[in-house]
Amino acid sequence: MFGNPSRKIIGLLLLIGGIIMTGFASPVEAGTDIRAAWVWQAKSVQDDGGDELLANAAKHKINRLYVNVDMNLSNEVYRTFIAKASAAGIDVEALGGDPSWAVTGREAPMLRLASWVSEYNQGASVDERFDAIHLDIKPYVLPTWKEEAEPLVQSWVANMELLLDHMKQYEAIAVNVDLPFWLDSYTVAGTRTTDDADNVPLSRWFMEKFNHVTLLAYRDNAQGNNGIIQLIEQEMNWADASGASVTVGVNTKPMPGEEFTSFAGKGAAQLESVMAEVAETLRDHTSYAGSAVHDIVYWGQLEPEEQSAPEKPALQPEIRGTYIWEASQVMDDGGQHILEFAAEQHINFLYVRLDLDQPYSSYRSFVKRARAQGIEIHAMGGHPIWGRTENRPRIERLINYVKNYNAEVEPDERFQGIHLDIEPYTLPEWNSDRDALLAEWSANIAFFQEETKKDSSLETSADLAVWLDTFPLPGEDMSVSEFMIRTLDHVSLMAFRNKAEGSNGIAAVVSQEMEIADRLGKPLLISVEMKENYEGTHISFYDTGAAEMERELAKLPDLLTEYEAYQGNMVHAYDYWINAKP
């Protein structure tokens, strides 16, 4: 899987006998992790015999190169280059790929590459051979993927089967593939895994068919809900079970608007630190094989003196926020009245409901000024009917609006998360067909998480009634509350009580969720009510007023001191708080 042992011996002999003349040194000792890089510049193996490329590989301590193949170059060019690479302890994989290779009838160039590499290897000596064929096929960039992924996924799978069958006529050579981490949300049928339990997840299928996978885990941090380690946890477990090996791919190409997917501008030190942390954490996985950097040119452009910025946690301690339910309020006078109230009340967090029929310009000024004031802004949407499968497009529309908005505006005008307020227990179905409603609601929340995280660092959150910890999630060995806390980046607990202490006080009613969140390493916020309520005087601070609310909230840090999950408070909502009794 990782190269012929005899080839390594030959490489060491060549290193001793002649490679010193070129100035290259073996970057790593045999048996260490893979440390790879993509080389898309096909002719770099021809220019000066590939000496500059190998010098760059030595600089970065690379022991494996994915080299884009130009079949028009002579075999002698590759023999010369690969022999030098072998002598330096570097394996070379023949890289190729195009999104169209996944389309039915467009597989011929892929099969031609496979034949060319196989025939080349048959005519080359051991130290001149490609170690593997490396495929980078990205059909998900084609417009048809977004329009209708199912037939495209199915043709991709069929073409991969054609390739594997095609390779049977040649002497064995490994075929390795690049896969984005989020492919685990699709099945081999092209359906979403949340909707289809009968078909194998696409990532798992690849791992069962191919010996080695490079997971494109394009993030700039190792830990956290949107960090590399958590995002690929499922794939690592599948690879362990299937016997495949995994190289974790990271990115150094500048990605304007998606800076979280790359180490560009963050320096070599941060890249090395994150790769080392990933390696250390994944060491217990038998499938973990090493890391790969995309690509060698951009890697070389990282400044060594640049230092990584301290990672900002998803939620800072002592959050103090509120809900803005009327979208027009952030457009009227640019939301200045909200910002003035926020300054008076030391508010640093807002959930802001969006009117998706408004142009992006409606929100830019408010978000920019709020963030300059130290306020974190999360876009909000929701309705009880959003818990039904048939209304999932409404969730998707909100996600797409926020993503497109963030892509168009300046960095300091962007929303930092998306918050859902879905309370399906107010629907008639809660009493008539509760299990079905809970199943649909949970599936929609899973969809929300997956779609939001697919290509963004937006934080996901939702409101959660504290009594939902008494309801099991149908078909799962956990409560509704645990599922929500486990799935989302953070949850706001609707602890609608007007006393902090006592058996029915705020601290008591959130204790179960706090224990769950601590176990899962997730943050929680506590939401309290200021709206007039007719269910009982204990629900809201409407009657007792703002000063009493502040006195009770001030008790929570001491009452909840044992829970790391507790991060602060939200007041529901701005309209009621600003008009509250003193």
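## Exercises on a predicted model

Both faces of strand β11 are covered: E376, H378 and M380 are buried on one side, and I377, A379 and G381 are buried on the other. The model is predicted.

### Exercise 1

Task: Explain why β11 counts as largely enclosed by the rest of the structure.

Solution.
- Step 1. Fix the cut-off: buried means under 20% relative accessible area.
- Step 2. Locate the strand. β11 spans residues 376–381.
- Step 3. Split the strand by face. In a regular strand the side chains alternate between the two faces of the sheet. Here E376, H378 and M380 share one side, while I377, A379 and G381 take the other.
- Step 4. Count. 6 of the 6 residues are buried, so β11 is largely enclosed by the rest of the structure.

### Exercise 2

Task: Which strands pair with β11, and through which bridge partners of H378?

Solution.
- Step 1. Take β10, residues 349–353. It runs parallel to β11, joined by 5 bridges. Y351 has H378 as its bridge partner in β11.
- Step 2. Take β12, residues 417–420. Its pairing with β11 is also parallel, over 4 bridges. H378 has G417 as its bridge partner in β12.
- Step 3. Trace the connections. β10, helix α13 (residues 361–372) and β11 form a right-handed β-α-β unit. From β11 the chain passes through helix α14 (residues 392–408) to β12, again as a right-handed β-α-β crossover.

### Exercise 3

Task: Place L135 in the barrel and in the core.

Solution.
- Step 1. Describe the barrel. It is closed, has 8 strands with parallel pairing, and runs β1-β2-β3-β4-β5-β6-β7-β8. From one strand to the next, the twist averages 25°.
- Step 2. Find the pair. β4 (residues 132–135) and β5 (residues 174–180) are parallel over 4 bridges. V177 in β5 is the bridge partner of L135.
- Step 3. Turn to the core. The largest nonpolar core has 95 residues, and L135 is among those with the most contacts inside it, along with L65, F130, W145 and W156.
- Step 4. List contacts. Beyond four places in sequence, L135 touches residues including W101, M110, L113, M160 and L163.
- Step 5. Note the other core. A second, separate one of 85 residues includes I347, I395, M478 and F541.

### Exercise 4

Task: Where should the coordinates not be read in detail?

Solution.
- Step 1. Start with the chain. Its pLDDT averages 90, and 92% of the residues score at least 70.
- Step 2. Flag residues 1–30. Their pLDDT is below 50, yet the model gives this stretch 59 contacts beyond near neighbours in sequence.
- Step 3. Flag residues 305–314. pLDDT stays under 50 there, with 14 contacts beyond four places in sequence.
- Step 4. Conclude. Where pLDDT is low, the predicted coordinates should not be read in detail.

Key:
Residues numbered from 1 in each chain as written. Predicted model: local features only at pLDDT ≥ 70, side-chain atom pairs only at ≥ 80, totals over all residues. Heavy atoms only, no water. Core = buried A, V, L, I, M, F, W, Y, C linked by side-chain atoms within 4.5 Å. Buried < 20%, exposed > 50% of the residue type's maximum accessible area, 1.4 Å probe, protein only. Contact = heavy atoms within 4.5 Å. Pairing = 2+ DSSP bridges. Helix = DSSP H or I, 4+ residues; strand = E, 2+ residues; numbered from the N terminus. Axes fitted to C-alpha atoms, helices over the stretch in contact; angles between N-to-C directions. pLDDT = per-residue confidence, 0-100. Right-handed = clockwise from strand over helix to strand, strands pointing away.
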